[in-house]
Protein chains: 2
Amino acid sequence: MTDADQQIHARITAMATRARAAAATLARLPAARLADALRAAADAIRADTAAIAAANAEDMARARAAALSPALLDRLYLDTARIAATADGVAAVAALPSPVGAVIDENRRPNGLVLQRVRVPLGVIGIIYESRPNVTADAGALCLRSGNAVILRGGSEATASNRAIHAAMVRGLESQGLPADAIQLVPTTDRAAVGAMLTAGGLIDIIVPRGGKSLVARVQAEARVPVLAHLDGINHLFIDAAADPAKALSIAVNAKMRRTGICGATETLLIDRAYGDPAPILAGLADAGCALRGDAAARAIDARVTPANDEDWDTEYLDAICAVAVVDGVDGAIAHIAAHGSHHTDSIVTEDAATAERFLAEVDSAIVMHNASTQFADGGEFGLGAEIGISTGRLHARGPVALEGLTTYKWLVRGDGQVRP
Amino acid sequence: MTDADQQIHARITAMATRARAAAATLARLPAARLADALRAAADAIRADTAAIAAANAEDMARARAAALSPALLDRLYLDTARIAATADGVAAVAALPSPVGAVIDENRRPNGLVLQRVRVPLGVIGIIYESRPNVTADAGALCLRSGNAVILRGGSEATASNRAIHAAMVRGLESQGLPADAIQLVPTTDRAAVGAMLTAGGLIDIIVPRGGKSLVARVQAEARVPVLAHLDGINHLFIDAAADPAKALSIAVNAKMRRTGICGATETLLIDRAYGDPAPILAGLADAGCALRGDAAARAIDARVTPANDEDWDTEYLDAICAVAVVDGVDGAIAHIAAHGSHHTDSIVTEDAATAERFLAEVDSAIVMHNASTQFADGGEFGLGAEIGISTGRLHARGPVALEGLTTYKWLVRGDGQVRP
């Protein structure tokens, strides 16, 4: 490790140590105090609209000079409306019920001991993100609402915007007597900071990467700290023989084409060989502008289907492209998903309840649906009020993760003098 | 990586791949089938008592020839009674209710979608253990009861015993139509197998080390797979000013001396400076054979207290030794525990309900107790029916972990044609 790297590690260690002290303070505060602080943070963002917009203009000028792509420029850009939406998002998180303090279960032992499992904050959360400056506010708010301290590491393109938003939030927190160390921003000039965060086991409890696949892949490969993330959303929609044709058509077009770039978009359409007339489904997708890549049986349904190669079944297009395979019944669908899925979201369209229940039970994904579009895979749509991310990991939290996923529990044992025989 | 290491990695990968296939089969079976299989495994262990005892005699002969310590020989030893107890343990796990299929929560969205979170098995669990051959049966049973496949890696001293127990269990499983790959035993001749298991991310979902501190430390340091464990149990018992003297004495002696070698044993006694007469507590410990190491204030209470050095506050003795510090009230106790504890189990003795609640809320440990002995930190005592281990980690499962901790959940979404606007 170079001297410069050691300095960065020392700096991250110092930040995380301060974060842990702040977390201890947060854990003692009533949930209402944290909500008040977030409302103050939202007000501070609103009050700082001009300063945030000016900081963003700096970032945008640098980004244009560096010839960043239009998509990246759009992600980076903040105008008055977007800043207002960011503040509203923080206020909305403040309004969510806190999971902290909830009693998960309770039992009284024959010896009179009363045991409770009670939700408590996780501790210190690390967020590593890319060009969207609103993540600074959004992720900071979710971590704080659940009683956690957070260390934010945004992308270098958004340095000025992130600083401006962070400064406003901290002012809001401090106005309500909360420690500034509850929400810390790593300076992006610290190039080795991401590596230092990923190896800060014991100091940072969980890392949430927010960004593109290369970021998530790096975090998953290098982290010695638990990571909450999904790498791929290779989602399947299976049209069973007993599917209602109208539902099959509308769900297929929505699941694939409503927004092609989100992780809940369908990437592969599986059609039961016994399904009556699949032509309208493929026509509906093609007419909506979707390129279709299929096996021989799929190509026989619609001439616009081009040949799929082996990679297509394992590809998350995030685009108006759909792989199409004809399979033999629900067993064929389950086997295809087991071989090619990414454990994110898969859905069956059928009117046969028994077939639906088999699919729900046997597909091993974070989210399994019946007669619904995979595009519903989202914390807001699930009624969680927000979302820090979607996890395809199996431990701790699975699927859309919001406030509850940012907590753990402790056992409280109340006695009146019991000793163990 | 040497050729030999590569071969071991390939072998562990192949075992884990077969385990995952077995896990998919287990996940489809009703819980009663798994219970039947475990009862058959218990019967097979009973039927193989002579063979298991003979295998154990081989291990014992080798261990004696290698001059292993009496404590280790005792851990390794199996007689007819211990083999019967092992079989009974498997049957007891069979009788536990299965957590799989339980609906954690359910909600109906305004658009009519019905969401459920349903418990499912984790998948593939790796158990790495040392000389106790009964872990082969015990851990294998817990993993199978919760619907998981398991890869067992026992100590080389117990090779023959583990093989004999494993063979019986697999025969029991197969007699009920379960796949043999559901419980696999890694040959201990594969020296690099532990390293291969610890880096089998994506194939093994969680590793549980069962053994001494050096094993746990190695697993925690090298694992790229999540680990469920505790390294230390530096547990504190705090005698508050408002403690009932009789409870304080009996809890202190029990918490420290009932069994000094278990992870729930108290290691440090904290006494409130304002507590009336601490002399009987220290006398009770000393009279019970406990060596006391204390700060100046503790030494002033009882002449048998020898000076503690800095390391004593951070030491898990697992022996008849107790560190004793005098602190200023519950704040002093909480601060001492925050500085020196290992987030395992800490207890307060007090008749003041408000002080007790502060301690319960502010001590950041997996288990926090009021007026109870820390020796209750155990899955059986907590009513969990069994225990795969105690976790001081913050994610997924905390404190005593039994069947529920070996599960995760999936989201089931049931609709009638909903598409996302």
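To compare two copies of a chain, the copies are superposed by least squares on the C-alpha atoms of residues with pLDDT of at least 70 in both. In general, two copies of a chain are related by a rotation about an axis and a shift along it. In this predicted model, a turn of 180° and a shift of 0.0 Å along the axis lay chain A on chain B with an RMSD of 0.1 Å. This is the relation of a two-fold axis. Within chain A, His396(A) has the C-alpha nearest the axis, at 1.9 Å. Both copies are served by the same surface, since 100% of the contact residues of chain A recur in chain B.

Turning to the single chain, chain A holds 14 helices and 16 strands. With 421 residues, the globule rule gives 22 Å, and the radius of gyration of chain A, 24 Å, is close to that value, so chain A is as compact as a globular protein of that length. Along the principal axes, its C-alpha atoms fill a box of roughly 70 × 65 × 45 Å.

How are the contacts of chain A spread along the sequence? Of the contacts between residues at least 6 apart in sequence, 71% join residues at least 24 apart. Buried residues, meaning those under 20% relative accessible area, account for 57% of the 421 residues in chain A.

The surface and the charges complete the picture. Chain A has an accessible surface of about 15300 Å², and carbon and sulfur atoms contribute 54% of this area. Chain A also carries 39 positive and 48 negative charges, whose mean positions lie 9 Å apart.

Definitions and conventions
Residues are numbered from 1 along each chain as its sequence is written. Chains are lettered from A and ligands numbered from 1 in the order in which they are written. This is a predicted model: local features need pLDDT of at least 70, side-chain atom pairs count only at pLDDT 80 or more; totals for chains, interfaces and linings use all residues. Side-chain values use heavy atoms; hydrogens and water are left out. Helices (H or I, at least four residues) and strands (E, at least two) are DSSP runs, numbered from the N terminus. The radius of gyration is taken over C-alpha atoms; the globule rule is 2.2 Å times the number of residues to the power 0.38. Buried means under 20% relative accessible area, exposed over 50%, partly exposed in between (1.4 Å probe, protein chains only). Contact means heavy atoms within 4.5 Å. Accessible areas come from the Shrake-Rupley method with a 1.4 Å probe; for residues, only the protein chains shown count as cover. Lys and Arg count as positive and Asp and Glu as negative; His and the chain ends are not counted. The place of a charge is taken as NZ of Lys, CZ of Arg, CG of Asp or CD of Glu.
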